[in-house]
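Here are my notes on the model you sent over. Keep the picture open while you read, and follow the points in order.

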Amino acid sequence: MKNARLAIVAARFNEAVTDRLLASCLKTLARRGVRSVKTLRVPGGFELPWAAARLAKSRRYDAVIALGCVLRGSTPQNDHISRATVFHLQRISVDTGVPVILGVITPNTWAQAMARTRDELDRGAEAAEAALAVLETAGRL
């Protein structure tokens, strides 16, 4: 996996959470020996598919990791953003053949969001491991 070329697109919205997801993702990739990682920040979760599509279609990356936090609010906006984001990230992966890893969390509370940035619930590290696992699988196809 040392020669893997990965891109990470991370939302800025809920930055206290997404910064932690990004840091743990990068740390996990570095620990696993990945040397080529491009990082791109976008305003929020809704912009993740746009950036992920550009990165995947460039064919410069073996996989794209999308990181974000769509926190439940008092209106259904989070449901619309989450649904559209997840749908389009999967569509990009299927359409381009470039794995797009879902590292977008959808917690109900701030405490749940922060819990998913550390220890056994660390979704940033989990996204990094998922990207590497998919690339290993792709090498066996």
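**Notes on the predicted model**

1. Let's start with strand S3, bearing in mind that this is a predicted model. Ala63, Ile65, Leu67 and Cys69 point one way from S3, while Val64, Ala66 and Gly68 point the other way, and all of these residues are buried. Try tracing the two sets on your screen.

2. How many of the residues of strand S3 (residues 63-69) are buried? Seven of the seven are, so S3 is largely enclosed by the rest of the structure.

3. Now for the partners of S3. Strand S1 (residues 5-11) is joined to S3 by five bridges, and the two run parallel. For one pair to look up, take Ile8, whose bridge partner in S3 is Ile65. S3 is also joined to S4 by six bridges, and this pair runs parallel too. Here you can look for Gly68, which stands opposite Val104 in S4.

4. Val104 deserves a closer look. You'll find Val104 in strand S4, which covers residues 100-105. Is Val104 buried or exposed? Its relative accessibility is 12%, and buried means under 20%, so Val104 counts as buried.

5. What does Val104 touch? Setting aside neighbours within four places in sequence, Val104 is in contact with Leu48, Ala66, Leu67, Gly68, Val70, Thr85 and Leu89. Ala66, Leu67 and Gly68 should ring a bell, as they appeared among the buried residues of S3. For a residue some way off, try Ala138: from Val104 to Ala138 is 34 residues in sequence and 23 Å in space, C-alpha to C-alpha.

6. Time to zoom out. The chain has five helices and four strands, and along the sequence they follow the pattern β-α-β-α-β-α-β-α-α. Among contacts with a separation of 6 or more, 79% are between residues 24 or more positions apart.

7. On overall size, the C-alpha trace spans about 45 × 30 × 25 Å along its principal axes. Why does the radius of gyration fit a compact globule? For 141 residues such a globule would have a value near 14 Å, and the chain has 14 Å, so the two agree.

8. Last, the inside and the surface. Of the chain's 141 residues, 45% count as buried. The chain exposes about 7600 Å², with carbon and sulfur atoms supplying 53% of that area. As for charge, there are 21 positive and 12 negative side chains, and the centres of the two sets lie 5 Å apart.

Notes: Residues numbered from 1 in each chain as written. Predicted model: local features only at pLDDT ≥ 70, side-chain atom pairs only at ≥ 80, totals over all residues. Heavy atoms only, no water. Rg over C-alpha atoms; globule rule 2.2 N^0.38 Å. Buried < 20%, exposed > 50% of the residue type's maximum accessible area, 1.4 Å probe, protein only. Contact = heavy atoms within 4.5 Å. Areas by Shrake-Rupley, 256 points an atom, 1.4 Å probe, with all protein chains shown as cover. Lys, Arg positive; Asp, Glu negative; His and termini not counted. Charge placed at Lys NZ, Arg CZ, Asp CG, Glu CD. Pairing = 2+ DSSP bridges.
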